Amino acid sequence: MKRVLSQSDFDRFAARSPAIARHRMIAVSVTAPSAEPFELPAAVATALARPFRRIVVFSGAGMSADSGIPTFRSGNNGLWKEFDPQDLATPEAWRRDKETVWGWYEWRRGLVSKAQPNPGHVAVAQLQREFGASVVTQNVDDLHERAGVTRVIHLHGSLFAARCFACDEPHELGMPQAEAHRRLMPPRCARCDDHVRPGVVWFGESLPEEAVRQASTLMRQCDLLLVVGTSGVVHPAAGMVNLVPRGAPVIEINPQAGQRSSRIDHSLQTTAAIGLPAVLRRLRAPA
Ligand SMILES: [Zn+2]
């Protein structure tokens, strides 16, 4: 069976990395409006010193880490401390105990609803307004949308796009419950009466075809790619980055040093909340 990476993969990856853990503590201060100005390295400033018409932002878990969304590592999740997230993110888990799985995703939706977009999300929205940038994300939260981005392509689905387990009918979710419940009965489908499932991609499931098609087209046509908060070496990021035409700069923004795609031209080792506003400032004044 093809294994597909989900949000929880990245969360577990982050849980193993002291660099990310440190970065998470710093993130609280950088989300303040008075984020310190960040000087772009000269090579990056030079690479950005021309007009771009088809900018794409590709974001991963690090983008939302700056908004204080916690990692979902096992042993640190309060109500769910004895669960491995991987055991809650599969079709088998759903068939076995859908109330626990639904409770887990509704808890996460509640956390995301309380989080705020960070200056990185705001900079991405400005990149779209001012330069027509497109946004492809591996994140299942709605922080890009709440910062004002329209048409976000979600490669791993969304916590806010629930649908019927049996017939795929979309289901509108209300406000998340204020209090977390470890077990919660999922709502029923209005069309076929089966249960509604989270709209995220689980382990063992394929990525949504239409989202992959749209994202691939954007990558093939882009003239500047910003890879934010993901290493760019794991599926699906790796495949996407490799579609970018030669000659189009690929700039990574990620506080974590480590393995990175050979297609990446420049790495800014900083958070999304600091790196993206710096890139925006440079694009506004390219000369
Ligand atoms: Zn249905």
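How far apart should the ends of helix H9 (residues 209-221) be, counting 1.5 Å a residue? The 13 residues of H9 should span 18 Å, and the end C-alpha atoms are 19 Å apart, which agrees. Keep in mind as you look around that this is a predicted model.

**Two sides of a helix**

Let's stay with H9 for a moment. Its buried residues are Ala215, Leu218 and Met219. Looking down the axis of H9, you would find these buried residues within an arc of 100°, so they line one face of the helix. A general rule helps here: an α-helix has 3.6 residues a turn, so residues three or four places apart point the same way. On the other side of H9, you will find Glu209, Glu210 and Arg213 exposed. What do the buried residues of H9 pack against? Their partners are strand S1 (55-59), strand S2 (134-137), strand S3 and helix H10 (237-241).

**The sheet**

Now step back to the whole chain, which has eleven helices and eight strands. Six strands make up an open sheet with parallel pairing, in the order S3-S2-S1-S6-S7-S8. Strand S3 (153-154) and strand S8 (266-268) are at the edges with a single partner strand each, so one side of each has no neighbour in the sheet. In general, strands of a sheet pair through backbone hydrogen bonds, either parallel or antiparallel.

Here is one parallel pair from this sheet:

| Strand | Residues | Bridges in the pair |
|---|---|---|
| S6 | 224-228 | four, with S7 |
| S7 | 250-253 | four, with S6 |

Within this pair, Leu226 has Ile251 of S7 as its bridge partner.

**The core**

Leu226 also appears in the largest nonpolar core, which has 64 residues. Leu226 is listed among the residues with the most contacts inside this core, along with Val56, Val57, Phe58, Val124, Leu225 and Val228. Helix H11 (residues 272-284) gives the most to the core, with eight residues. Leaving aside residues up to four places away in sequence, Val228 touches several others, including Val57, Phe58, Ile253, Ala272 and Leu276.

Of the chain's 287 residues, 45% count as buried. Among contacts with a separation of 6 or more, 73% join residues 24 or more positions apart.

**A loop residue**

Finally, look for Pro41 in the loop between helix H2 (18-30) and helix H3 (42-47). Is Pro41 buried or exposed? Pro41 has 12 other C-beta atoms within 10 Å, and a residue with 12 or fewer is exposed, so Pro41 is exposed. The C-alpha atoms of Pro41 and His266 are separated by 9.3 Å, although these residues are 225 residues apart along the chain.

Technical notes: Residues numbered from 1 in each chain as written. Predicted model: local features only at pLDDT ≥ 70, side-chain atom pairs only at ≥ 80, totals over all residues. Pairing = 2+ DSSP bridges. Helix = DSSP H or I, 4+ residues; strand = E, 2+ residues; numbered from the N terminus. Core = buried A, V, L, I, M, F, W, Y, C linked by C-beta atoms within 7 Å. Buried ≥ 20, exposed ≤ 12 C-beta atoms within 10 Å, placed from the backbone. Contact = placed C-beta atoms within 7 Å. Expected span 1.5 Å × (residues − 1). Arc of directions from axis to C-beta.
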